[in-house]
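This report covers cores, salt bridges and one surface patch. The sequence and structure come first.

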Amino acid sequence: MSTENTIEHKIDQADIDGKQEYTITVYAENRIGLLNRIAIIFSKRKINIESLNSSASEIDGIHRFNIVITESYEVVRKLARQIEKQIEVLKVYFNTNEEIIWQELALYKVSTDEIAEKVTVERLLRQYGASAVVIRKDYTVFAVTGHREETDALVKALEPYELIEFVRSARVAIIKDSAGFHEKLKEFEAFEPGEELVENEFLDKGEKIFTM
């Protein structure tokens, strides 16, 4: 598949002038070794992957990778072209944070005694929209979804109150200005239709044809 005109991104002046956070979205067949080869593309260029998520997509059999890096527009454009050269990769998009809707999930383990005894902790959790996932005598686990700045802020706020554990998921993102990859797939099929099935007239005559 040609990579010409398949990598989509709306260019603005901020992209060209310097580094900023980009989310690279890759649609691909979920084959063994693909993720490793994509990671090598970044490691060879000494580019740090800040977040990496893999999941099923809206199309059966096609997976979607969300990769977050901080780089210049030109570097990201070249990376996207390299990723598209992988046989299993069907489409690559890259977007700034303004061009996507994104969220991350964070889990916080807090001492249950601290929550029960200190009204401040309960108020903080309500303020950040935290919901209880597990409640035990010794600890309670809360979940928060939002942007990284929001989940980091709650970590700072809970540090004085026996924050036992904290973990955050990779980014999941949807492109604002997109009709969905299934529409692009239709374009591919129209441009490069698959070969038509040709019936073999000798298929049911094996013994007659091949017996000497």
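## Cores, bridges and a patch

E71 is buried, with a relative accessible area of 11%. That value comes from a predicted model, as do the others in this report. E71 sits in strand β3. Leaving out residues up to four places away in sequence, E71 touches G18, K19, Q20, Y22, I47 and V76.

One of these contacts is also a charge pair. The side chains of E71 and K19 form a salt bridge, at 3.8 Å from N to O. K19 belongs to the loop between α1 (13-17) and β1, while E71 is in strand β3, so the bridge ties together parts 52 residues apart in sequence. The two ends differ in cover: K19 is exposed, with a relative accessible area of 60%, whereas E71 is buried at 11%.

**Salt bridges**

How many salt bridges does the structure hold? There are 13. Three of them are listed here.

| Pair | N to O distance |
|---|---|
| K19 and E71 | 3.8 Å |
| E29 and R31 | 2.7 Å |
| E50 and R148 | 4.0 Å |

In the E29 and R31 pair, both partners are partly exposed. E29 has a relative accessibility of 25%. For R31 the relative accessible area is 48%.

The E50 and R148 bridge has its closest N and O atoms 4.0 Å apart. E50 lies in the loop between α2 and β2 (51-56), and R148 in helix α6 (residues 148-158), so this pair ties together parts 98 residues apart in sequence. E50 counts as partly exposed, at 32% relative accessibility. R148 counts as buried, at 19%; the cut-off for buried is under 20%. The pair also belongs to a wider set: salt bridges with shared partners join E50, E104, R148, D152 and R168 into one network.

**Nonpolar cores**

In soluble globular proteins, nonpolar side chains tend to be buried together. Here, the largest nonpolar core has 20 residues. Which residues have the most contacts inside this core? They are I24, V26, F42, I69 and I83. Five elements each give two or more residues to the core: β1 (20-29), α2 (34-44), β3 (62-71), α3 (73-84) and β4 (89-96). Helix α3 gives the most, with 5 residues.

I69 shows how the chain gathers at this core. Its neighbours within four places in sequence are set aside here. The contacts of I69 then include Y22, I24 and F42. Also among them are I47, I49, V76 and L79. Polar or charged partners appear too: Q20, E21, N48 and E50 are in contact with I69. E50 is therefore both a contact of I69 and the loop end of the bridge to helix α6.

A second, separate core has 14 residues. A106, V110, V121 and L124 are included in this second core.

**A nonpolar surface patch**

Some nonpolar side chains lie at the surface instead. L105, L107, V133, V134 and V167 make a nonpolar surface patch of about 370 Å². The elements that give two or more residues to the patch are β5 (100-111) and β6 (131-135).

Is V133 buried or exposed? V133, found in strand β6, is exposed, with a relative accessible area of 52%. The cut-off for exposed is over 50%.

Methods:
Residues are numbered from 1 along each chain as its sequence is written. This is a predicted model: local features need pLDDT of at least 70, side-chain atom pairs count only at pLDDT 80 or more; totals for chains, interfaces and linings use all residues. Side-chain values use heavy atoms; hydrogens and water are left out. A nonpolar core is a set of buried Ala, Val, Leu, Ile, Met, Phe, Trp, Tyr and Cys residues joined through side-chain atoms within 4.5 Å. Buried means under 20% relative accessible area, exposed over 50%, partly exposed in between (1.4 Å probe, protein chains only). Helices (H or I, at least four residues) and strands (E, at least two) are DSSP runs, numbered from the N terminus. Contact means heavy atoms within 4.5 Å. Patches are made of residues with over 30% relative accessible area and no salt bridge: like charges are joined within 9 Å, nonpolar side chains (Val, Leu, Ile, Met, Phe, Trp, Tyr) within 5 Å. Accessible areas come from the Shrake-Rupley method with a 1.4 Å probe; for residues, only the protein chains shown count as cover.
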